[in-house]
Structures are given as C-alpha cells and as structure tokens.
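User: Please take a close look at one part of this model. I would like to see how a single residue sits among its surroundings, and then how that spot fits into the whole chain.

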Amino acid sequence: MRGSTESEVGPAATAAAGAPGTAGGAEERAGGAEECAGVAEDDAGDAGEYVGDAEEYVGDARRARWVAVGTGALLTCAGLAAALLRSAGAVPAFVPVAYALGAVVCASAAVLGAKGRTRRALWLMIAGTMIMALGDQSD
C-alpha cells in the first residue's frame with residue numbers, strides 16, 4: 001500500500017474517465033443531458049394528468065358531502081320519529097331519550113358533512129346509530 005485511500009474503482013478512476021480532455025467523458029455528459037431533458041418532458045406531461053385527477057377529486061368530495069348530509073338528515077328524521085312513537089307508549093324513559101340523543105348526534109353529523117368534514121360525519125353517524133340501537137335494545 002502506498003498510503004492512498006483511492007482505489008481503481010473509486011473516485012480517482014471516475015474522475016479520470018470524466019476528465020475534460022477525454023472524449024468518452026464528453027459523450028457521457030452529453031447523453032446525461034439528453035436524459036435529463038427527456039425526464040423534464042415526461043414531468044411536464046404528467047402535470048396535465050394531475051390537474052385531471054384534481055377535478056375528479058373535487059367531484060368525489062362534493063358527492064361525499066351530499067351523501068353525508070343526506071344520510072345524516074335521514075337518520076335524524078328516523079331517530080326523531082322513533083323517539084316520538086316510543087314516548088307515546090308504555091316504555092321506559094330511557095328508550096325515547098336514546099332515540100332523541102342519537103338523532104341529535106346524526107344531525108350534528110349532517111352539519112359536519114355539509115362543511116366538508118365527511119370522515120368525522122361518518123363516525124358521528126355511526127355513533128348516533130349505535131346510541132339509537134341501545135334504545136332499541138332496551139325496548
């Protein structure tokens with residue numbers, strides 16, 4: 001060993017191959033520039049695809065908001081109707097209260113859905129339905 005840390009395959013050999021005086025290095029650099037230009041063109045073509053995807057996601061988000069609002073309103077009406085029907089009968093007071101509380105939770109889910117918080121609205125609808133199911137089980 002001569003005390004040099006560079007090997008034949010390391011940075012010294014790479015620098016020698018790409019030295020400005022060698023023809024092989026210039027050809028490699030020119031080929032690399034062409035590849036970079038090709039990649040830039042591909043990236044520019046992909047930008048148009050992302051714009052189309054964004055428009056599709058906007059439509060999906062709008063549809064999800066409408067579904068959340070409609071489902072929340074439907075569950076709210078069902079819960080209120082069940083609370084009114086059960087309060088007229090001879091059932092424990094917990095049953096109509098559970099239906100009414102579930103309806104309130106579903107109504108808040110409909111409001112959140114209208115604001116675009118569809119994931120939270122979904123979880124609130126699930127919770128509201130479970131509260132109404134507890135009232136149904138007590139019936």
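**Confidence first, then G135**

Analyst: Confidence in the chain is lowest in helix 1 (residues 11-17), at a mean of 52. The highest value belongs to helix 3 (residues 94-114), at 95. This is a predicted model. The chain has a mean pLDDT of 77. Of its residues, 63% reach 70 or more. Where pLDDT is low, the predicted coordinates should not be read in detail.

Now the layout. The chain holds 4 helices and 0 strands. Read from the N terminus, the order is α-α-α-α.

The residue to examine is G135. Helix 4 (residues 118-138) contains G135. Is G135 buried or exposed? G135 has 0% relative accessibility, so G135 counts as buried. The cut-off for that label is under 20% relative accessible area. Across the chain, buried residues make up 17% of the 139 residues.

What does G135 touch, once residues up to four places away in sequence are set aside? The contacts are F94, V95, A98 and Y99. Take Y99 from that list. In sequence, G135 and Y99 lie 36 residues apart. In space, their C-alpha atoms are 6.1 Å apart.

Next, the helix pair. The packing angle between helix 3 and helix 4 is about 170 degrees. Their axes are 8 Å apart. Angles over 145 degrees count as roughly antiparallel, so helix 3 is roughly antiparallel to helix 4. Sorted by class, the contact between helix 3 and helix 4 includes 17 nonpolar residues. A further 7 are polar and 2 are charged.

Two contacts of G135, V95 and Y99, also appear in the largest nonpolar core. That core has 6 residues. Besides V95 and Y99, the members are A82, A83, C106 and M132. Helix 2 (23-88) and helix 3 each supply at least two of the core residues. The largest share, 3 residues, comes from helix 3.

C106 gives a second view of this core. Neighbours within four places in sequence are left aside here. C106 is in contact with G72, L75 and T76, among others. The list for C106 also includes M125, G128, T129 and M132. M132 is itself a member of the core.

Finally, the contacts of the chain as a whole. Among those with a separation of 6 or more, 59% join residues 24 or more positions apart. The pair G135 and Y99, 36 residues apart in sequence, is a local example of a long separation along the chain.

Methods. Residues are numbered from 1 along each chain as its sequence is written. This is a predicted model: local features need pLDDT of at least 70, side-chain atom pairs count only at pLDDT 80 or more; totals for chains, interfaces and linings use all residues. Side-chain values use heavy atoms; hydrogens and water are left out. pLDDT is the predictor's confidence in each residue, from 0 to 100. Buried means under 20% relative accessible area, exposed over 50%, partly exposed in between (1.4 Å probe, protein chains only). Contact means heavy atoms within 4.5 Å. Axes are lines fitted to C-alpha atoms, for helices over the stretch in contact, and angles run from 0 to 180 degrees between N-to-C directions. Angles under 35 degrees count as roughly parallel, over 145 as roughly antiparallel, 65 to 115 as roughly perpendicular and the rest as oblique. Ala, Val, Leu, Ile, Met, Phe, Trp, Tyr, Cys and Pro count as nonpolar, Asp, Glu, Lys and Arg as charged, and the others, Gly among them, as polar. A nonpolar core is a set of buried Ala, Val, Leu, Ile, Met, Phe, Trp, Tyr and Cys residues joined through side-chain atoms within 4.5 Å.
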